[in-house]
Amino acid sequence: MSTPEDSATGVAHPRAVRSFVTRAGRMTTGQARALTDLGPRYVLPYDPTIPDLIAYCADQERASGQNHLKTVLEIGFGMGQATAHIAALKPDTRFIGCEVHEPGVGALLKLVDALQLSNVRIVQHDAVEVLRDMIAPGTLDGIHIFFPDPWPKKRHHKRRLIQPAFVHELALRLAPGGYLHCATDWQAYAEQMLQVLGAEPLLVNTAEGYAPRPDYRPLTKFELRGLRLGHGVWDLVFQRA
Ligand SMILES: C[S@@+](CC[C@H](N)C(=O)[O-])C[C@H]1O[C@@H](n2cnc3c(N)ncnc32)[C@H](O)[C@@H]1O
C-alpha cells in the first residue's frame with residue numbers, strides 16, 4: 001500500500017521504511033584519519049554476493065593466522081564504546097558491528113587502534129539489509145542491539161527495529177543456544193521488546209521478564225546520568241531454542 005509520502009514523490013515502489021535517517025554528521029580529523037588508515041583493514045563491504053559473512057571473515061582471518069571461535073553481531077553501535085569494551089573483554093569472539101553513521105565508524109576504528117583489537121569488523125550499511133543478504137542462518141552466537149532509536153512518535157513506530165518480522169529474521173540467524181541482547185532506556189519500547197521477543201517461537205527468555213544487565217555491557221555516560229536522575233534502563237536477553 002502506498003503512503004501519501006510515496007504518491008507525493010511519485011515513487012512506484014515505496015521505499016523501505018528504515019530504522020534510521022541519514023545524518024550529515026561532522027567527522028573529527030582523527031575519525032577521518034582512522035577511516036582512511038584503518039578502514040581498508042577493518043571495514044567490510046556491503047556485498048550481497050557474500051551470502052555467509054561469518055565464513056568469509058573466518059577465511060580471511062585464517063590467512064592471517066587468526067581464529068575466532070564465536071561471532072557476535074552488533075546493530076547500531078553508535079560511537080562504538082560498548083563494542084570496543086566488549087571486544088577487549090572477549091578476544092576469542094569476532095564482533096561484527098553494523099552502523100550507518102560514518103563518524104561513528106571512524107570513532108570505533110580509533111578505539112580499535114587504541115586498544116589494538118583484532119577481533120572487530122565493521123559494515124557501514126543498513127543492518128537490516130546486511131542481515132538479510134549476508135548473514136546465513138544459524139551462524140551467530142550473539143546479537144547486541146543497545147539503545148536502538150526509540151522513535152517515540154506514534155507515526156514513527158514503524159521505524160523501530162524491534163518488530164516481529166525482523167526479530168524472526170534475527171532469531172533464524174542465531175545458532176542454537178545463541179542469544180539476543182537488547183537494551184533500552186525508553187520504557188514503552190522496553191515493553192514492546194518484551195512483548196515481541198516473548199512472542200517469537202524461536203526465542204526463550206533467559207529471565208523472568210527483564211534481565212539483570214550482563215556484566216559485559218558497560219554503563220554508558222548517558223545511562224549513568226539517567227540512572228542518577230531515576231530513569232530506568234531495561235535489558236532483555238533471549239536465547240535461541
Ligand atoms: C540511539 S543510537 C545508540 C548507539 C549505541 N548503541 C549506544 O548505545 O550508544 C542508535 C544507532 O543505531 C544506528 N542505526 C539505526 N538503524 C540502523 C540500521 N538499520 N543499521 C545500522 N545502524 C543503524 C544509528 O545510526 C545510531 O547510531
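A residue counts as buried if 20 or more other C-beta atoms lie within 10 Å of its own, as exposed if 12 or fewer do, and as partly exposed in between. The exercises below apply to a predicted model.

**Exercise 1. Determine which residues of helix α6 are buried and how they are arranged about the helix axis.**

Solution.
1. Helix α6 covers residues 127-134, and its buried residues are Ala-127, Val-130, Leu-131 and Met-134.
2. Viewed down the axis of α6, these buried residues fall within an arc of 110°, so they line one face of the helix.
3. The elements against which the buried residues of α6 pack are α3 (53-63), β2 (70-75), β3 (93-98), β4 (120-123) and α7 (164-173).

**Exercise 2. Describe the surroundings of strand β2 and identify its pairing with β3 and β5.**

Solution.
1. Five of the six residues of β2 are buried, so the strand is largely enclosed by the rest of the structure.
2. With β3, strand β2 pairs in the parallel sense over six bridges; Lys-70 stands opposite Thr-93 in β3.
3. Together with helix α4 (residues 81-89), β2 and β3 make a right-handed β-α-β unit.
4. Strand β5 (residues 140-146) is also parallel to β2, and three bridges join the two. Leu-73 has Ile-143 in β5 as its bridge partner.

**Exercise 3. Establish the place of Ile-143 in the largest nonpolar core and list its contacts.**

Solution.
1. The largest nonpolar core has 53 residues, of which Leu-108, Ile-143, Leu-180 and Met-193 touch the most other members.
2. With residues up to four places away in sequence left out, Ile-143 touches Val-72, Leu-73, Leu-170, Leu-174 and Leu-180.
3. Leu-73 is thus named twice: as a contact of Ile-143 and as its bridge partner.
4. As a general background, nonpolar side chains tend to be buried together in soluble globular proteins.

**Exercise 4. Decide whether the residues annotated as "binding site" gather at one spot or are spread out, and classify Lys-221 and Phe-222 as buried, partly exposed or exposed.**

Solution.
1. In the unreviewed UniProt entry, the annotation "binding site" covers Lys-153, Asp-185, Thr-220, Lys-221, Phe-222 and Glu-223.
2. These residues span 71 residues in sequence, and their farthest two C-alpha atoms are 25.0 Å apart, so they do not all gather at one spot.
3. Lys-221 is placed in helix α9 (residues 221-228), and Phe-222 lies in α9 as well.
4. With 9 other C-beta atoms within 10 Å, Lys-221 is exposed. Phe-222 has 13 within 10 Å and is partly exposed.

Definitions and conventions. Residues are numbered from 1 along each chain as its sequence is written. This is a predicted model: local features need pLDDT of at least 70, side-chain atom pairs count only at pLDDT 80 or more; totals for chains, interfaces and linings use all residues. UniProt positions are given in the numbering used here, feature names are shortened, and annotations may be inferred rather than shown by experiment. Helices (H or I, at least four residues) and strands (E, at least two) are DSSP runs, numbered from the N terminus. The arc is that of the directions from the helix axis to the C-beta atoms. Two residues are in contact if their C-beta atoms, placed from the backbone, lie within 7 Å. Two strands pair if DSSP finds at least two bridges between them. A crossover is right-handed if, with the strands pointing away from the viewer, the path from the first strand over the helix to the second runs clockwise. A nonpolar core is a set of buried Ala, Val, Leu, Ile, Met, Phe, Trp, Tyr and Cys residues joined through C-beta atoms within 7 Å.
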